[in-house]
Amino acid sequence: MRRFDCHTHSRHSDGTLSPREVVKRAEASRLELLILTDHDTIAGLEEAAAAATAAKIHFSLGIEINSNYPEGQVHFLGYGIRAQDPSFLAALARLRGRRRERADAILRRLRELGLPLSPEELPSSPDLPLGRPHVADLMRRKGIVRTRSEAFEKYLSRGRPGFAEPLGPTPEEAIALIRDAGGFPSLAHPKTAKTALKHLSEWVRAGLEGVEAYYAAFSEEERKHWAGVAAEFNLLSTGGSDFHGPGTGRDRPLGVEVPESVFDRFSERLARCG
Ligand code: AMP
Ligand code: ZN
Ligand code: FE
Ligand code: FE
């Protein structure tokens, strides 16, 4: 077995640790490969890459893009991307703009419930991809909830009164964005896309190359199931923790164990990217 983590977040998106601190966790978990996959931004790249070099950990940049389709949401991880590709960077900036519009819509709903929350109280940097976790953190600061999870359960999850539809790209657009930047996409935490299996062949036709079968929160049975799906569609199996850091409800230790063949196939594909 080998140990890597191809799904992690820093405070440049909705995590709570700096890229340097994420690398420290990677060191503590003795990872062979760490990939930072912040939502809609590559702002953590330089710091993470420098810290990983110092710690002698193999590091690569990734991205996570949340997309919407009529039946729900599906997240794509992108690997091996050319981080400095101008049209890629411009597309990410547009996605961050739409995230801010959505955050404003969420706050409007919460105000209608009598909660005094204004957009000025959210982080103001246009570089930060705002999400529901930032709204949750604001609610926590105001004493409305005690944890991010409580905010999701009471207000922010689909079906709750503060929910507003995400304004992300379609799956095909998300896949194209990653491919056009020289990268290859993998379907993140596949279970959350309720009808993923129904659409998988369409997404493969659009350029999907992997499935995150080794998602840390998955049971052994779920890993087996999704690794089987990956094999059936001739896709890579990928894996990661979806680490977000202390205070997020998503701070399990970094890394997942994967069979040698999974690690090697993924590493070889990554090495083929410019
Ligand atoms: P958004 O990007 O605004 O749709 O929010 C999705 C993000 O919220 C995910 O990437 C997770 O980081 C986080 N999230 C989702 N559900 C929960 C939860 N129950 N508790 C804490 N964080 C969550
Ligand atoms: Zn996140
Ligand atoms: Fe995700
Ligand atoms: Fe994630």
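**Figure 1. Polar contacts and burial of ligand 1.** A polar side-chain atom of S149 is placed 3.4 Å from a nitrogen atom of ligand 1, and the protein buries 86% of the 500 Å² that this ligand exposes when taken alone. The structure shown here, as in every view that follows, is a predicted model. Two arginines also approach ligand 1 through its oxygen atoms: for R102, a polar side-chain atom lies 2.9 Å from an oxygen atom of the ligand, and for R99, an N or O atom in the side chain is found 3.4 Å from an oxygen atom of the ligand.

**Figure 2. The pocket and the shell around ligand 1.** The largest pocket is the one in which ligand 1 sits, and the elements that contribute two or more residues to the shell around this ligand are the helices α3 (86-112), α4 (132-141) and α5 (148-156). Of these contributions, that of α5 is the largest share, amounting to 3 residues. The ligand has 15 residues around it, and those that come nearest are D14, N66, R102, R132 and H244.

**Figure 3. The iron site and its relation to the zinc ion.** Which residues supply the protein donors of the iron ion (ligand 3)? The donors are the OE atom of E64, the ND1 atom of H75 and the NE2 atom of H189, and they lie 2.0 to 2.3 Å from the metal. Along the chain, the donor residues follow the spacing E-x10-H-x113-H. Of the donors, E64 belongs to strand β3 (residues 58-69) and H75 to strand β4 (residues 72-79), and this pair, 11 residues apart, links distant parts of the chain. Both E64 and H75 are buried. The zinc ion (ligand 2) is separated from the iron ion (ligand 3) by 5.7 Å.

**Figure 4. Residue I175 in helix α6.** I175 is located in helix α6, which covers residues 171-180, and because its relative accessibility is 0%, I175 counts as buried. Although I175 and P185 are 10 residues apart in sequence, their C-alpha atoms are 6.2 Å apart in space.

**Figure 5. Two loop residues with positive phi angles.** R30 is found in the loop between α1 (19-28) and β2 (33-36), and its phi is positive, at about 50 degrees, even though R30 is not a glycine. Is R30 buried or exposed? Its relative accessibility is 71%, so R30 counts as exposed. K56 occupies the loop between α2 (45-55) and β3, and this residue, which is not a glycine, has a positive phi of about 55 degrees. With a relative accessible area of 77%, K56 is exposed.

**Figure 6. Residue K224 in helix α8.** K224 is placed in helix α8, which spans residues 220-232, and because its relative accessible area is 63%, above the 50% that marks an exposed residue, K224 is exposed. From K224 to L236 the C-alpha to C-alpha distance is 14 Å, and the two residues are 12 residues apart in sequence.

Note on methods:
Residues numbered from 1 in each chain as written. Chains lettered and ligands numbered in written order. Predicted model: local features only at pLDDT ≥ 70, side-chain atom pairs only at ≥ 80, totals over all residues. Heavy atoms only, no water. Donors = N, O, S within 2.8 Å, 3.2 Å for Na, K, Ca; no water. Helix = DSSP H or I, 4+ residues; strand = E, 2+ residues; numbered from the N terminus. Buried < 20%, exposed > 50% of the residue type's maximum accessible area, 1.4 Å probe, protein only. Near = heavy atom within 4 Å. Polar contact = N/O pair within 3.5 Å; in protein donor to acceptor, adjacent residues only side chain to side chain. Areas by Shrake-Rupley, 256 points an atom, 1.4 Å probe, with all protein chains shown as cover. 1 Å grid on protein atoms, 1.4 Å probe; cavity = no way out; pocket = protein on both sides within 12 Å on 5 of 7 lines; lining within 4 Å. Sits in = over half its atoms within 2 Å of the grid points.
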